[in-house]
Each structure stands twice: as structure tokens, then as C-alpha cells.
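Here's an informal walk through a two-chain model, written for someone who likes to poke at coordinates. Have the viewer open while you read.

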Number of protein chains: 2
Amino acid sequence: MSNPKFRRLALIGIGLIGSSIAHVVRREGLAEEIVISTRSAHTLRRAEELGLGDRYCLDAAEAVEDADLVILCVPVGACEAVTRWIAPALSPGAIVSDVGSTKASVVRQMAPHLPDNVHFIPGHPIAGTEESGPDAGFADLFRNRWCILTPVEGTSPDALERLAAFWTDCGSMVDTMDAEHHDLVLAIVSHLPHIIAYNIVGTADDLAAVTKSEVIKYSASGFRDFTRLAASDPTMWRDVCLHNKDAILEMLSRFSEDLAALQRSIRWGDGDALFDLFTRTRGIRRSIIAAGQETATPNFGRDKPGESERR
Amino acid sequence: MSNPKFRRLALIGIGLIGSSIAHVVRREGLAEEIVISTRSAHTLRRAEELGLGDRYCLDAAEAVEDADLVILCVPVGACEAVTRWIAPALSPGAIVSDVGSTKASVVRQMAPHLPDNVHFIPGHPIAGTEESGPDAGFADLFRNRWCILTPVEGTSPDALERLAAFWTDCGSMVDTMDAEHHDLVLAIVSHLPHIIAYNIVGTADDLAAVTKSEVIKYSASGFRDFTRLAASDPTMWRDVCLHNKDAILEMLSRFSEDLAALQRSIRWGDGDALFDLFTRTRGIRRSIIAAGQETATPNFGRDKPGESERR
């Protein structure tokens with residue numbers, strides 16, 4: 001690692017993302033000391049049992065003392081409260097960042113409460129699994145995935161470069177864009193897919209004519225693909241919906257319009273329109289595989305011979 | 001194999017399902033002879049290069065001569081034409097089945113044209129990948145997956161038992177139900193998920209504000225899960241939409257109603273309603289994993305450490 005390391009990293013929140021940062025920072029030696037804070041004593045104890053950090057504090061303000069890098073790893077709805085808590089204790093010159101899935105809201109929540117002598121650079125590593133909590137993290141989560149930074153006007157280029165280097169050292173590729181564009185992009189690539197997945201799983205759950213056991217038995221015919229996203233952390237996703245409302249409502253409207261057109265093609269038996277759409281969508285997957293963001297193995301590789309026997 | 005084998009199996013159509021049947025029948029010795037027919041000379045030649053059968057015929061009528069098991073592995077929209085073609089050549093006592101994803105339509109298309117001296121038993125193996133064509137098949141496709149048979153009234157119990165044993169020998173678990181119930185169940189577990197996946201991928205493809213490269217780069221945040229189903233065979237899925245119209249329109253209506261309610265919760269900031277839905281949907285995935293129909297590994301197991309580096 002030729003990049004300058006951080007002296008003290010404070011992670012506020014230690015779920016899937018926080019614990020994955022802890023793992024990779026330890027493995028790559030990206031900080032001399034890791035301080036972990038979370039509001040739940042139970043979770044904090046678990047983080048300590050897992051050996052994720054060097055020090056553990058229930059008090060977030062205590063955790064950020066003398067830290068030169070502070071990363072909030074909490075649901076986006078908690079950013080303002082945490083920022084108010086830690087702001088008086090922040091060290092001058094510290095980089096303060098986050099990992100939230102919405103960015104304009106995070107800026108609105110955090111920027112007004114931070115002292116002028118820290119470097120506030122919002123961030124979002126585009127990585128995750130359907131698991132949550134401190135046990136879910138692993139050092140390779142960010143490898144080959146993008147991390148988006150959304151610096152506000154007047155951000156120090158040096159601080160931005162240090163934070164970008166940190167994420168590169170975590171295995172990520174780094175992009176910068178403004179918070180509003182981030183929120184629009186994520187609304188379509190992440191928020192809408194999660195909402196649709198939650199919705200379809202809910203619709204299936206409600207069906208009386210089809211027993212739940214049938215939905216489960218025959219889920220390999222398509223349904224199961226949606227259940228992964230619909231098993232994601234409910235608190236995190238409630239907050240995403242509440243904090244990226246406008247972009248999400250816009251994408252939902254577009255989706256619903258398109259679905260109405262598709263429904264009409266089905267009702268009127270317009271086979272050509274169906275065939276055209278079903279052909280057009282094929283190419284996108286090939287591009288995602290070519291970009292290294294997806295496996296090329298059929299069924300995501302989950303049905304490898306022998307696997308079903310081991311279960 | 002203690003079950004009586006078939007003397008001659010005729011596969012009409014040799015895509016993903018047909019070629020997978022050929023592989024498993026060969027491996028398990030379920031038929032003495034496999035005859036393959038498909039309307040495309042190019043595909044038939046490919047099947048021969050792959051050694052999937054013992055004989056290859058462009059003429060489907062010729063293929064079914066003296067066959068005691070005939071399985072149509074064609075898009076559901078082709079069932080009537082194929083049945084008219086092969087009917088005069090069918091051997092008395094033969095079992096005639098199919099693998100189509102809709103069943104009431106298949107019964108309507110096939111039953112009127114079949115001679116009385118054959119056993120018509122529609123079937124649907126609930127298995128597949130997003131790949132298609134004769135190269136996509138593999139012997140383990142049906143292992144640990146359900147196969148639904150929808151016998152019509154007056155079906156010979158002996159013939160039904162022989163066909164069920166055949167699918168069991170292919171690795172499947174076998175269920176029987178009536179065609180209408182099948183179509184309702186599959187509309188929610190398979191057809192709706194595919195239509196929704198096609199639709200969301202289409203919506204993303206249309207967005208000008210977000211470049212296509214951004215959709216691809218950041219797809220690991222959720223979108224990529226939908227692209228697998230949306231990469232499925234367009235002809236097959238056009239036919240499913242056209243041939244299970246009523247059940248699909250019913251499920252689309254329910255889905256859209258639920259989505260409208262969810263959209264309203266987002267617009268009005270009803271965090272509790274969002275949290276409740278997002279919590280309820282979590283349990284279904286656990287049940288699917290417990291039923292052996294899904295892997296428990298995060299991200300479907302596709303992001304195993306090291307995999308991204310190999311790509």
C-alpha cells in the first residue's frame with residue numbers, strides 16, 4: 001500500500017457495510033486503529049466478539065475523538081441524529097463520510113451540522129448482499145464494485161483524493177458525481193428493483209387461491225430470483241424509500257406506464273410487441289456480464305451439479 | 001432403474017428442455033432409442049453434432065413412428081401445428097406429453113387432434129435457465145425440481161404412473177393437478193416474475209437521463225438480479241403471454257394494485273407500512289431455502305471471493 005494510511009478510523013454503525021469495511025481495513029492495513037460505535041449494546045458486543053475493531057464505544061462522540069476518518073454506516077434516516085451527536089467531538093481536518101444509498105438527503109441531513117474544519121465527502125459503495133448485521137460482513141464485498149463519491153462544492157481535492165484512495169484500497173473502483181444525479185441513477189438501478197421485488201413477493205404472499213407451499217415449491221420457475229432482494233434489511237429500505245422519494249416516484253411512474261403498455265399488448269394479443277421487448281432486454285445482461293458485474297454462469301451459478309444434494 | 005424403460009422416445013423440439021431430457025435419458029438409460037426432430041435444419045444438425053440422439057428427422061411425423069413416448073418440447077404456441085402433423089403417425093398406446101409452461105391452452109390445442117388410442121398427459125418440468133437452444137441442456141437440470149402433470153379426465157392410471165416414473169428417473173419430484181390450477185399457480189410464480197423482469201429492464205433501457213453505461217456499471221446494486229429472467233427465450237415467453245392471458249392479466253392487476261398502495265406509502269411517507277411489507281417478505285426466502293429450491297449463500301453464491309478476478 002503506497003497510499004498514506006489513516007491513523008484512526010471511526011465506524012459509526014457496524015452492519016453489513018460497516019463490518020465489511022472493518023474486515024478489509026484490517027486485512028489491507030488501511031488504518032492504524034479501528035474504533036467501532038453502534039447504538040445497540042448487543043450489536044456492539046457482537047462486533048467485539050468478532051474482533052472487528054480495536055475499541056468499542058456506545059457513545060458515538062467518544063468514538064470519533066481524534067479520528068482522521070469517520071464513516072457513518074447507519075440507515076440513511078439516522079444520519080442527522082448521528083451527525084448532531086458527533087459534530088462537537090470531531091477532530092479538525094477529519095474526513096467525514098457515509099455509505100448511504102441516497103445522497104441528496106444525506107447532504108441535507110449532515111452538512112448543516114458539521115463544523116467547517118472537517119472534510120465532508122458523502123459516499124456510496126455499490127455493493128451488498130441480502131444479509132445484514134455485523135456477522136454478514138466480509139473483506140471482499142467491495143472488490144470489483146463501484147464506489148460513488150458525491151463531493152459538495154468547495155471540497156478539498158486532497159481530502160477527496162485520500163478518500164478515493166481508501167476505497168480503491170478496499171478493492172473498489174471510484175466514481176464521482178453530484179448527489180442529485182446519484183439519486184436518479186440509483187433510483188433506477190437499485191431502489192426500483194428492490195421496491196418491485198418487495199411488491200411482487202408481497203403480492204404472492206397474499207394469494208389465497210395459490211397456497212404458500214405452492215409458491216415455495218415451484219419458485220425455481222422465476223419467483224425465487226425476486227426473493228433475494230426482498231430479503232434485504234427492512235429498516236435500510238424503509239429509509240431509502242423515505243429519503244429518495246422524488247426520484248423513486250418518478251421511476252415508479254415510468255415503470256407503471258411501461259407495464260400498462262405491456263399489459264395491453266398481452267390483452268390484445270400483440271405478439272410482435274411482446275417479442276420485440278423480450279428480445280431487446282436480452283442484450284443488457286450480456287453487457288453487465290462483459291463489464292464484470294455479473295457471473296456468466298446460468299442461474300447465477302447457484303444450481304451447480306451436486307449443490308442440491310448437499311442441502 | 002427398476003422402472004420399465006421406454007423403447008423409443010421422440011423429442012419434438014430440442015432447445016434447453018428437450019436437450020436436457022436427451023442428456024438425462026441417455027445417462028440414466030430411460031429409453032432404448034432417442035429420436036430427435038426440430039423444424040430448423042441448422043438446429044437439428046447441431047443436435048446431431050452434440051450427439052443428443054440416435055436418429056434425427058426434420059419430419060416430426062417420421063420421428064414419432066413406433067415411439068412409445070413422445071414429448072413436445074416446443075414453444076406453447078406451436079403445439080397445435082405439431083400435433084396436427086404427428087397425429088396420423090402416432091403409435092397406438094403411445095404416451096404423448098409436452099413440457100409447456102401453460103397447460104389449459106396446450107390441452108385445447110392438442111386434445112382435439114390426437115387419436116383415441118394414445119395417452120395424452122400434459123406435463124411441465126419446473127426447471128430452466130436463462131439459456132436456450134440445444135447447447136444449453138444438461139442432465140442435472142431437473143434434479144430436485146418439481147414436474148407437474150395435468151392429466152385430463154379418463155387418463156389411464158398406468159400411463160400416468162409410467163410418465164411420473166420417467167420424470168422421477170430424470171431427477172424430478174412429481175405433482176399432479178388440473179390444468180387451470182397449474183396456470184394460476186404458474187402465473188404468479190413464473191409468468192408474472194418474467195413479465196415484471198422484462199418490464200423493468202425495458203424501463204431502464206429507455207432512460208435518457210441515466211446513460212446505459214451507468215445502468216450496467218452499478219447493476220450490482222439490485223438491477224442485475226432482474227436481467228437473468230429478462231434474458232430468457234423471447235419466443236417462449238411471447239407464447240406464454242399469449243396462451244395464459246387470463247391468469248396473467250389477473251396477476252398483473254393484483255400486482256399493480258399492490259404497487260399503487262406501496263407508491264402511496266412512499267408518497268405520503270408512511271414508514272410503518274413500508275417497514276411492515278419489507279419485513280413480511282423476508283420470511284418467504286427462508287422457506288424457499290429450507291425447501292431446497294434456492295441456495296442459502298448470499299448473492300446466490302455468484303460473488304464468491306476470487307470469482308471477479310477470474311472474469
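What follows goes from confidence to domains, then to the chain contact, the sheets, the core and a few single residues.

## How far to trust it

Keep in mind that this is a predicted model. The predictor gives the complex an ipTM of 0.92 and a pTM of 0.93. Chain A comes out at an average pLDDT of 94, and 96% of its residues score at least 70.

There is a weak patch, though: residues 305-311 of chain A have a pLDDT below 50. Beyond near neighbours in sequence, that stretch makes six contacts in the model.

## Two domains in chain A

Chain A splits into domain 1 (6-177) and domain 2 (181-293). Their C-alpha centres sit 30 Å apart. Where the two touch, domain 1 of chain A puts in 15 residues and domain 2 of chain A puts in 18 residues. On the domain 1 side, that contact has five nonpolar, eight polar and two charged residues.

## Where the chains meet

How many residues of each chain take part in the contact between A and B? The count is 96 residues of chain A against 97 residues of chain B. On the chain A side, the helices that each supply at least two residues include H8 (212-217), H11 (245-267) and H12 (271-280). Helix H7 (179-206) of chain A is also among them, and H7(A) gives the most, with 19 residues. Sorted by class, the chain A side has 49 nonpolar, 24 polar and 23 charged residues.

For a close-up of this contact, try B:Ser219, in the loop between helix H8 (212-217) and helix H9 (224-229) of chain B. Leaving out residues up to four places away in sequence, B:Ser219 touches A:Val189, A:Ile288, A:Gln293 and A:Glu294 from chain A, plus B:Arg224. B:Ser219 has 27 other C-beta atoms within 10 Å, so it counts as buried.

## The sheets

In chain B, six strands make an open sheet with parallel pairing, in the order E3-E2-E1-E4-E5-E6. The edges are strand E3 (55-57) and strand E6 (119-120) of chain B, each of which pairs on one side only. Further in, strand E1 (residues 6-12) of chain B runs parallel to strand E4 (residues 69-72) of chain B, joined by four bridges; B:Leu11 stands opposite B:Ile71 there. E4(B) is in turn joined to E5(B) by four bridges, again parallel, and here B:Leu69 stands opposite B:Ile95.

In strand E5 (residues 95-98) of chain B, B:Ile95 and B:Ser97 point one way while B:Val96 and B:Asp98 point the other, and all are buried. Over in chain A, strand E1 (residues 6-12) and E2(A) pair in the parallel sense over six bridges, with A:Glu33 in E2(A) as the bridge partner of A:Arg8. Why is strand E2 (residues 31-37) of chain A described as largely enclosed by the rest of the structure? Because five of its seven residues are buried.

## The nonpolar core

The largest nonpolar core has 204 residues. The members that touch the most others are A:Leu11, A:Ile12 and A:Val70, along with B:Leu11, B:Ile12 and B:Val70. For B:Val70, the contacts beyond four places in sequence are B:Ala10, B:Ile12, B:Val64, B:Ile86, B:Leu90, B:Ala94 and B:Val96.

## Single residues to click on

B:His243 lies in helix H10 (residues 234-243) of chain B. B:His243 is buried because 23 other C-beta atoms lie within 10 Å. Past four places in sequence, B:His243 touches B:Val76, B:Gly77, B:Thr102 and B:Ser105. B:Asp183, 60 residues away from B:His243 in sequence, is 9.7 Å from it in space, C-alpha to C-alpha.

Next, two backbone oddities. Most residues other than glycine have a negative phi. A:Asp66 has a positive one, near 65 degrees, and B:Asn299 has one of about 55 degrees. Are these two residues buried or partly exposed? A:Asp66, in the loop between helix H3 (60-64) and strand E4 (69-72) of chain A, counts as partly exposed, with 13 C-beta neighbours inside 10 Å. B:Asn299, in the loop between helix H13 (282-290) and helix H14 (307-310) of chain B, is buried, with 21 other C-beta atoms within 10 Å.

Definitions and conventions:
Residues are numbered from 1 along each chain as its sequence is written. Chains are lettered from A and ligands numbered from 1 in the order in which they are written. This is a predicted model: local features need pLDDT of at least 70, side-chain atom pairs count only at pLDDT 80 or more; totals for chains, interfaces and linings use all residues. A nonpolar core is a set of buried Ala, Val, Leu, Ile, Met, Phe, Trp, Tyr and Cys residues joined through C-beta atoms within 7 Å. A residue is buried if 20 or more other C-beta atoms lie within 10 Å of its own, exposed if 12 or fewer, and partly exposed in between; C-beta atoms are placed from the backbone. Two residues are in contact if their C-beta atoms, placed from the backbone, lie within 7 Å. Ala, Val, Leu, Ile, Met, Phe, Trp, Tyr, Cys and Pro count as nonpolar, Asp, Glu, Lys and Arg as charged, and the others, Gly among them, as polar. pLDDT is the predictor's confidence in each residue, from 0 to 100. Domain bounds come from an automatic or database domain assignment. Two strands pair if DSSP finds at least two bridges between them.
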